[in-house]
Amino acid sequence: MQHINLDMSQKVVIRSQHQPWQPSPLPGVTRKVLSREHAESGHATSIVRYEAGSHFSPHLHPMGEEIYVIDGVFSDEHGDYPAGTYIRNPPGSRHQPFSKNGCTLFVKLNQFLPDDTTQVCINTQQAIWQTGQGNLKVMQLHQHDVEHTALVKWPAGEKFVPHRHFGGEEILVLSGTFCDEYGHYPAGTWLRSPHMSEHQPFVEQETVILVKVGHLGTQ
């Protein structure tokens, strides 16, 4: 299987809303691959869709699994996770996921640091927004070493200062349209910007993004 978007020194922009769904090994589960090391193992970032009544076989997460529920309700033997839930299953964890009525997920596999062992489950629909820079609202989801993950809510018309990303930045646009001097990125767009990349983001309408910084290395 050819590696997909694994050169972390390159900027990647994928408008996943225009990608076709691809089959997975299990019926009723399809995906849109954003980056991948191997077909069914190793580093992978994907949009995954479960049809109603579909399920995945029990499996282990050797280097962790990170999930954001985009829509519907995702479930496993430990509970039900509605849209807006952020989940981190640490290295060595195991579960058997399914969805009774269908769901769509943003999934990152095998990308944890070995000592990042914190189990996380946050319903962001119930969590509290904090004040960020300017008029931004921020909801911190996870921090480990130099890696930070958060939701960021941009009010209409907000413009941020030019800045660099030490350790890179990864964004999934959840609603609205995220913008910078290089383009406009509507909901469903995935962006990955390398270490020390620079831009000046802004929005024209209220926009919410899932953002991770500091995790792309400094080489």
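# Exercises on a predicted protein chain

Ala156 sits in the loop between β16 (147–154) and β17 (163–165); strands are DSSP runs (E, at least two residues) and helices are DSSP runs (H or I, at least four), numbered from the N terminus.

The model is predicted, so local features need pLDDT of at least 70 and side-chain atom pairs count only at pLDDT 80 or more, while totals for chains, interfaces and linings use all residues. Residues are numbered from 1 along each chain as its sequence is written, and side-chain values use heavy atoms, without hydrogens and water.

## Exercise 1: a loop residue

Decide whether Ala156 is buried or exposed, then list what Ala156 touches.

**Solution.**
- Step 1. Take the cut-offs: buried is under 20% relative accessible area, exposed is over 50%, and partly exposed lies in between (1.4 Å probe, protein chains only).
- Step 2. Ala156 has 56% relative accessibility, so Ala156 counts as exposed.
- Step 3. Look for contacts, meaning heavy atoms within 4.5 Å. Setting aside residues up to four places away in sequence, Ala156 touches Val203, Glu204, Gln205 and Glu206.
- Step 4. Check a distance. Phe202 is 46 residues from Ala156 in sequence, yet their C-alpha atoms are 9.0 Å apart.

## Exercise 2: the whole chain

Describe the fold in numbers: how many helices and strands does the protein chain have?

**Solution.**
- Step 1. Count the elements: 0 helices and 24 strands.
- Step 2. Compare the radius of gyration with the globule rule. The radius is taken over C-alpha atoms, and the rule is 2.2 Å times the number of residues to the power 0.38. The chain has a radius of 17 Å, close to the 17 Å that the rule gives for 219 residues, so the chain is as compact as a globular protein of that length.
- Step 3. Read the extent. The C-alpha trace spans about 45 × 35 × 35 Å along its principal axes.
- Step 4. Ask how far apart in sequence the partners are. Of the contacts with a separation of 6 or more, 65% join residues 24 or more positions apart.

## Exercise 3: surface and charge

State what share of the protein chain's residues is buried, and what its exposed area consists of.

**Solution.**
- Step 1. Buried residues are 48% of the 219.
- Step 2. The chain exposes about 10700 Å², and carbon and sulfur atoms supply 53% of that area. Accessible areas come from the Shrake-Rupley method with a 1.4 Å probe; for residues, only the protein chains shown count as cover.
- Step 3. Add the charges. There are 16 positive and 22 negative side chains. Lys and Arg count as positive, Asp and Glu as negative; His and the chain ends are not counted.
- Step 4. Place the charges at NZ of Lys, CZ of Arg, CG of Asp or CD of Glu. The centres of the two sets lie 4 Å apart.

## Exercise 4: cysteines

Find how many disulfides the structure holds.

**Solution.**
- Step 1. A disulfide is a pair of cysteine sulfur atoms within 2.5 Å. The structure holds 0.
- Step 2. Test Cys121. Its nearest cysteine sulfur belongs to Cys103 and is 13 Å away, and Cys121 is in no disulfide.
- Step 3. Turn to Cys179. Its relative accessibility is 1%, so Cys179 counts as buried.

## Exercise 5: positive phi

Say where Asn110 and Met196 lie, and give the phi of each.

**Solution.**
- Step 1. Recall the background. Most residues other than glycine have a negative phi.
- Step 2. Asn110 is not a glycine, yet has a positive phi of about 55°. Asn110 is in the loop between β12 (103–109) and β13 (120–123). At 16% relative accessible area, Asn110 is buried.
- Step 3. Met196 has a positive phi near 70° and is not a glycine either. Met196 lies in the loop between β21 (189–193) and β22 (197–199). At 34%, Met196 counts as partly exposed.

## Exercise 6: partners of two strand residues

Which residues do Ser93 and Val13 contact, beyond neighbours within four places in sequence?

**Solution.**
- Step 1. Ser93 is in strand β10 (residues 93–95). With 15% relative accessible area, Ser93 is buried.
- Step 2. Ser93 is in contact with His59, Leu60 and His61. His59 is 34 residues from Ser93 in sequence and 8.6 Å away, C-alpha to C-alpha.
- Step 3. Val13 is in strand β1 (residues 12–15). At 33%, Val13 is partly exposed.
- Step 4. Val13 is in contact with Tyr185, Thr189, Trp190 and Leu191. Arg192 is 179 residues from Val13 in sequence, but 6.6 Å away, C-alpha to C-alpha.
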